[in-house]
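Grab a pencil and work through these short exercises with the model open beside you. Try each task before you read its solution.

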Amino acid sequence: MSDYIPEDVVNKILFKLPIKSLMRCRVVCHSWNNLIKSSTFINSHLCSISQLHSENEAHDLLLLQGYADENGPVIYSLHWDDPELSECTDFITPTYTIVPDLIGTCNGLVCLSTCSSLSAGRIILWNPSIRKYVFSSIPLSCFDGEENFAFGYNSNNNDYKVLLLTDRQAEDDQTVHAGMVWSFASGDWKSFSHETLEPIDVYSPFEEGLASVNKVLHWLQYELTEDYDDKYIVSIVSFDLVTDSFKLQEAWVNKTLSSIRITRYEETLAVFEFRSYENEEFVDMWVMKEYGENCWTKLVTLRHGLSIDPFGFKNSREIVVGVEDEEGRLELKSMNMDSKQVKQFGRSGYNASSIARVLTSHFSLISFASQGLLTMGKCYPTVSEEYKKAIDKAKRKLRGLIAEKNCAPLMLRLAWHSAGTYDVKTKTGGPFGTMKQPAELAHGANNGLDIAVRLLEPIKEQFPILSYADFYQLAGVVAVEVTGGPDVPFHPGREDKPEPPPEGRLPDAGKGSDHLREVFGKTMGLSDQDIVALSGGHTLGRAHKERSGFEGPWTPNPLIFDNSYFTVLLSGEKEGLLQLPTDKALLSDPVFRPLVEKYAADEDAFFADYALAHQRLSELGFAEA
C-alpha cells in the first residue's frame, strides 16, 4: 500500500481539526508547517469552523475580567457557557498598572486598548486559540480628549481595523474632532480631515452600543431637537471598513436620551428601546427588516420588575440580558423570545463591573504574521492617488532595469547605506534622499554607489513627483523582490532632506559583535534579530577590493535571494567565498548564533524576519508616531 496521501485529502482532514491539534501538526513536516501557516489555509479554516459553529449547538463563550490576587495583574479569561462555566484560557496582561479596556472581538480575536496616559497608549490583539498577542502603539500625542475605539473586519481583503475617534486642541485653541483608522494588514494609521468628522459626535460615540454588519460598523448619535424639550433625534452612524468612509442616517425622532441601544441580529441590525410605563420598565426589541433599509419590525417586548441590561442575541431566538438584583450584582440570563422562559446563562453572582462582554464566538487560527502585523508605532502620511500611481509605475521600471543590468545587489546596498546613517538620539541621517548629494557619495563606505545613482537617474526623471527618499528605498525593495526574496512592505511619504549626515555612521566590516550592536542597536535602534536577519542580505552580491578592501561573494549564487548566506556560514570557510569579521562574529556571539542556525534551517523564518528588519531599516526616522 502506498504511504502517499493526496494533498487535497490532507487539506480536507486538516480543515476539520481543532486549533490545538493543528498546532501539533505543524511539527509533522516542513510542508505541513508551511500549509498551516499560510494565509489561504487560515482563511479557509476560519470559514470551515464558522460553518460548523453555525450548524452545531456549540457552546458560547464568556469573556470575564478579574485579578489573579489582590495586588496581581489583570486577567481576562474565556469561559465556556456550560453549567460549570469551565475555563478555556486566560490572558495575563503585560500592563500591571493599566487595566486594558475591551475594544471588541471578531473571528476569535480579542482587541484591547491601554490609554490611561498618552505615553502608554497601546492596542493589544489577542488570539486565545494560539495563546499569542501583539502590541501596537497608538499615536495619541496630538489628542487631548477621551479616546473611543471600535474594532472590525473587512473580509474583502482579510483586514482587521481599529477606528479611533476623539478630539484635540487646534492651533486657535478651539476643540475640533479628530479620528484615525488603523489597518492591521498594512500597519498604517490613516487620519481623517476635520471636515469629514464635523457631523460625527466623537464624545462617547459607542456608549449606546456598536454593531458590525456587512463590513460596516454602526453606532447611534443623539442630537437635541430644535425645541430643546429633552427630545432627541437619533441617527445611525456607519463607518465602512472597505472604503474608510462615514455615513449619517436619521432613524428616529422625539426619543429620550439613551433610550435606544444598537446591536447585531443575524445578518442585520437590531435595537433595544427602553421605556417606562406605570412604574414598570420595558425593553422593546426591533430588527431591521432588510439591511440598509430604515424599516423595523418588533421582535419582542421584555418586562421585568428589576433593571434589565440587554447584552445581545445568543442566537436567533434567545436574548442574553443582565438582570441586576437588589444587592447590585449582575446575573446573566438567557430568555427565549417564543416561550418567554428565562434561564441562567453561565455563572451568576458576578458584579456588573466584572463582566467585560458576552461573546457569541469561536476559536480561530488567525496568525498575526499572516495579517501583516509587522510595523508597530508608525503613523504613515497620506499621499495622493497620483503619487501612488507613480510609485506603481516606477516599481515596474525598476524591475526592468534591475533584471537587465543584474544590479540588484548594488540597489540593495544603496537603500541600506541611505537608511543606515540614522541616529536615534539626534534624529538625524536616515533614508531621506541625501545619497544623491556628492558629499555623501564621497564617504568611504559609499564607494561605488555613484554607479547606482547614475543608473537610477533616468527613471527618476520620469517621476518628478516622487521624492529621492522614497525612490531609493523602493529600489531596495524591488531588488529583493526581483531576486526571489520576500515582499518587503513599502510605505511612501518620505521627504527629501537637504543636509547629508556626517561620515562614519555605517558599520565597519572588519569589526565584531560589539561594534554591530553599537551601530545597529545603540545608534539606529534596531534589535539583535534585525542585525542577523539583515546580515542575511549578503546572500546577494559580492565585495570589491577597490571599494571595501575585501573581495568575493558570500554565496555560490550572488544573484539569488535565499538563506544560503547562513548555510554557507555554518559550513565553514570555503575557497572563493567571503566571510568578513562581522560575518564570523555572528557565529561566536551566543545570541546571534542561534538565529543563524534558525535561518539556515528554515528559509521561511528568515524571509519573515528579513522583511520586518528591512522595513524597519528603511523607515528609520520616518512616520514616527
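A residue counts as buried when its relative accessible area is under 20%, and as exposed when that value is over 50%. Keep in mind that this is a predicted model.

**Exercise 1.** Find out what share of the protein chain is buried.

Solution. Start with the length: the protein chain has 625 residues. Apply the cut-off, and 51% of them come out as buried. For the bigger layout, the chain holds 17 helices and 27 strands.

**Exercise 2.** Work out which residues have the most contacts inside the largest nonpolar core.

Solution. First, take the core itself, which has 68 residues. Next, look for the best-connected ones: Met411, Leu456 and Tyr610. Then see which element gives the largest share: helix α10 (residues 468–482), with nine residues. Now zoom in on Tyr610: its contacts include Leu412, Trp416, Val480 and Phe561. Finally, a second, separate core has 17 residues, among them Ile123 and Phe151.

**Exercise 3.** Decide whether Asn214 is buried, partly exposed or exposed, and find where it lies.

Solution. Begin with the place: Asn214 lies in the loop between β12 (211–213) and β13 (216–224). Its relative accessible area is 47%, so Asn214 is partly exposed, because partly exposed covers the range between 20% and 50%. Now check the backbone: phi of Asn214 is positive, about 55 degrees, although this residue is not a glycine. Most residues other than glycine have a negative phi.

**Exercise 4.** Locate Asn406 and give its phi.

Solution. Go to the loop between α6 (385–405) and α7 (408–419), and there's Asn406. Then read its phi: a positive value near 50 degrees.

Terms used: Residues are numbered from 1 along each chain as its sequence is written. This is a predicted model: local features need pLDDT of at least 70, side-chain atom pairs count only at pLDDT 80 or more; totals for chains, interfaces and linings use all residues. Side-chain values use heavy atoms; hydrogens and water are left out. Helices (H or I, at least four residues) and strands (E, at least two) are DSSP runs, numbered from the N terminus. Buried means under 20% relative accessible area, exposed over 50%, partly exposed in between (1.4 Å probe, protein chains only). A nonpolar core is a set of buried Ala, Val, Leu, Ile, Met, Phe, Trp, Tyr and Cys residues joined through side-chain atoms within 4.5 Å. Contact means heavy atoms within 4.5 Å. Lists of a residue's contacts leave out its neighbours within four places in sequence.
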